[in-house]
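Work through the exercises below with the sequence and the structure in view. Try each task before you read its solution.

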Amino acid sequence: VCFAIFEQACTPLCRHTTHAAMAAASLRGARVLALACRTPLAGPRVVVRRGLGDTVTGPPLTDFQGNLRHAKNFFTEGAGSYREFKQQCVSVRLFAFGGVTAGCVLALFWDPPKSSYWRTWGLTFWPSTLMSYFSSSGKPMFLSEPAGHETDVPVIVKKVVQPDLGGAKEAVGATPAAAPAAAPVAAPKAAKKLFKVCVCGGAGGIGQPLSLLMALDDRVGELSIFDLTIAMVPAEGVAADLSHIERPSKVKAYSLDKDDKPVDKLEECLSGCDLVLVPAGLPRKPGMTRSDLLGINAGIAKNIVEACAKHCPNAVVALIVNPVNSVVPAMGELYKKKGLDPMKIVGVTTLDVVRANKFVHEVTGAPLEEIAVPVVGGHAGETILPLFSQVEAMKNVPADKLMELDKRVQDAGTEVVNAKNGKGSATLSMAYAGARLGKAVLAGLSGEKGVEEYAYVGSSITELPYFASKVTFGLNGVEKVHPLGAVSAYETERLEALKKTLQGEIEAGLQFASENSLL
């Protein structure tokens, strides 16, 4: 079409073509057509000779060398006349069409269609048939899929036009076909165990997003949300909100007055729980000492742990109650005094790992899925020790940058408080970290092997009785506490310094436990 348009546009401008010449060319074309109609062999010969008409006087289409010369001249020397230009276009078109055709044929052999039409009528039918005479397998050439492949067009069309709806009656007088052999019945898959999880403080700043993340876990079959009636958002409202998301877990709320004792009121809430997450307690206020904070929050934690000891003594109790370095030892020792397993008490320090991983990614650009920073020690200030020497992505990071990143991990909580202008703390990231630990606990309880996460638990890997490090979760909760591994000289110095601080905070928790007991 483009060639015809170009011809119509250029013909009046060609200095070698006049109206008389065009008339003469038309007469000659008519004469050729008449001869072609009179002589049986003249028509095909003229078509092969001329290609696009009598105005082209170059080589026949079968003259490869002649057409190749004209095609080369089209790109190199150009044309001296319109007639020569037209012949060059014919030659170029010849090779273009030939190349496209050859490419299509090659493609049919390179990646043949899987349709049964191609198997029956395609170019590979005869080679395949001949090969089947000399092969015992009889597998067709060039085909890699069986006849029943899903791209078999006739089969697909038949399914659409004549779907097997079942219950069709046989034709009258037809011989009933033999019933197909019954397929073996597959053994039913064992139902995945679902767990009951309780979030104590589920209506708070950490509790709400934490409850959402746990409700999204496919292993959670029942989610209890407990909080006090003085909470800004009622626990019933959080439960109603979560009950609308498309997850199978059942969500139920429980509320207590501030003077109610959880051990007396939370039997239904806690009975049968496998995991209890406790984002509870008050934040540290200006002028409040760590001893003051411990006295208040340890009392809050004790009430909940006391209820767990009575109604779900085998549940893993994950504490997000500050100061974690003191509250976890206190609750662990109270469990021990009660005759229960103190390893059921777990301090959530996962947020330190989450932050360290993200900060390393920002500094190095390494993919997050390849970063796993061990963070050991405790969960406050200088007691937090990220072991960057064990991270491959940090091998080439200068020492001063390592120290700067170490300090940032320690003070990350303050970074969030300052960004919120003192109107809040790390709630969303803490909820994410708590859910990450919760999912690890449930994975271990479900029987998965090698489930590892970092937590602050009773430990013997150092001289301190409680320490944050990598642990393995299993069917009974914490199964193994892993050693620290190799540390650098800088990390060794930091480790010795943090032990002194952490020792004092642990002793404060042990002192609380010695002065109190669970009912």
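A residue is called buried when its relative accessible area is under 20%, exposed when it is over 50%, and partly exposed in between (1.4 Å probe, protein chains only). The model is a predicted one, in which local features need pLDDT of at least 70 and side-chain atom pairs count only at pLDDT 80 or more, while totals for chains, interfaces and linings use all residues. Residues are numbered from 1 along each chain as its sequence is written, and side-chain values use heavy atoms, with hydrogens and water left out.

**Exercise 1. Find the partner of Arg-219 in a salt bridge, and state whether each of the two residues is buried or partly exposed.**

Step one is the criterion: a salt bridge is a side-chain nitrogen of Lys or Arg within 4 Å of a carboxyl oxygen of Asp or Glu. Side chains of opposite charge can pair when their charged atoms come close. Step two applies the criterion: Arg-219 forms a salt bridge with Glu-448, and their closest N and O atoms are 2.2 Å apart. Step three places the pair: Arg-219 is in the loop between H9 and S2 and Glu-448 is in the loop between H18 and S9, so the bridge ties together parts that are 229 residues apart in sequence. Here helices (H or I, at least four residues) and strands (E, at least two) are DSSP runs, numbered from the N terminus. Step four turns to accessibility: Arg-219 counts as buried at 18%, whereas Glu-448, with a relative accessible area of 38%, is partly exposed.

**Exercise 2. Describe the surroundings of Glu-453, beginning with its place in the chain.**

First, Glu-453 belongs to strand S9, and its relative accessibility of 6% makes it buried. Next, its side chain meets that of Arg-436 in a salt bridge, with 2.8 Å from N to O. This pair links distant parts of the chain, since Glu-453 is in strand S9 and Arg-436 in helix H18, 17 residues apart. Arg-436 is partly exposed, with a relative accessible area of 27%. Finally, when neighbours within four places in sequence are left aside, the residues in contact with Glu-453 (heavy atoms within 4.5 Å) include Thr-350, Leu-437, Ala-440 and Phe-473.

**Exercise 3. Determine the span of helix H15, and name elements that cover its buried residues.**

Begin with the length: H15 covers residues 350-364, which is 15 residues, and reaches 21 Å from its first C-alpha to its last. The expected span of a helix is 1.5 Å times one less than its number of residues, and for H15 the reach is close to the expected 21 Å. Then look at the buried residues, among them Leu-351, Val-354, Phe-359 and Val-360. Their cover includes strand S7 (375-377), helix H16 (399-410) and helix H18 (428-445). Last, just after H15, Gly-365 takes a positive phi of about 80°.

**Exercise 4. Classify the pair formed by the rings of Phe-74 and Phe-75.**

Start from the rule: rings of Phe, Tyr and Trp (its six-membered ring) pair if their centres lie within 6.5 Å, and planes under 30 degrees apart count as stacked, over 60 as edge-to-face and the rest as tilted. The structure holds four aromatic pairs. For Phe-74 and Phe-75 the centres are 5.0 Å apart and the planes stand at 85°, so this pair is edge-to-face. Phe-74 is partly exposed, with a relative accessible area of 31%, whereas Phe-75 is exposed at 62%. To complete the picture, Phe-74, Phe-75 and Phe-85 form one aromatic cluster.
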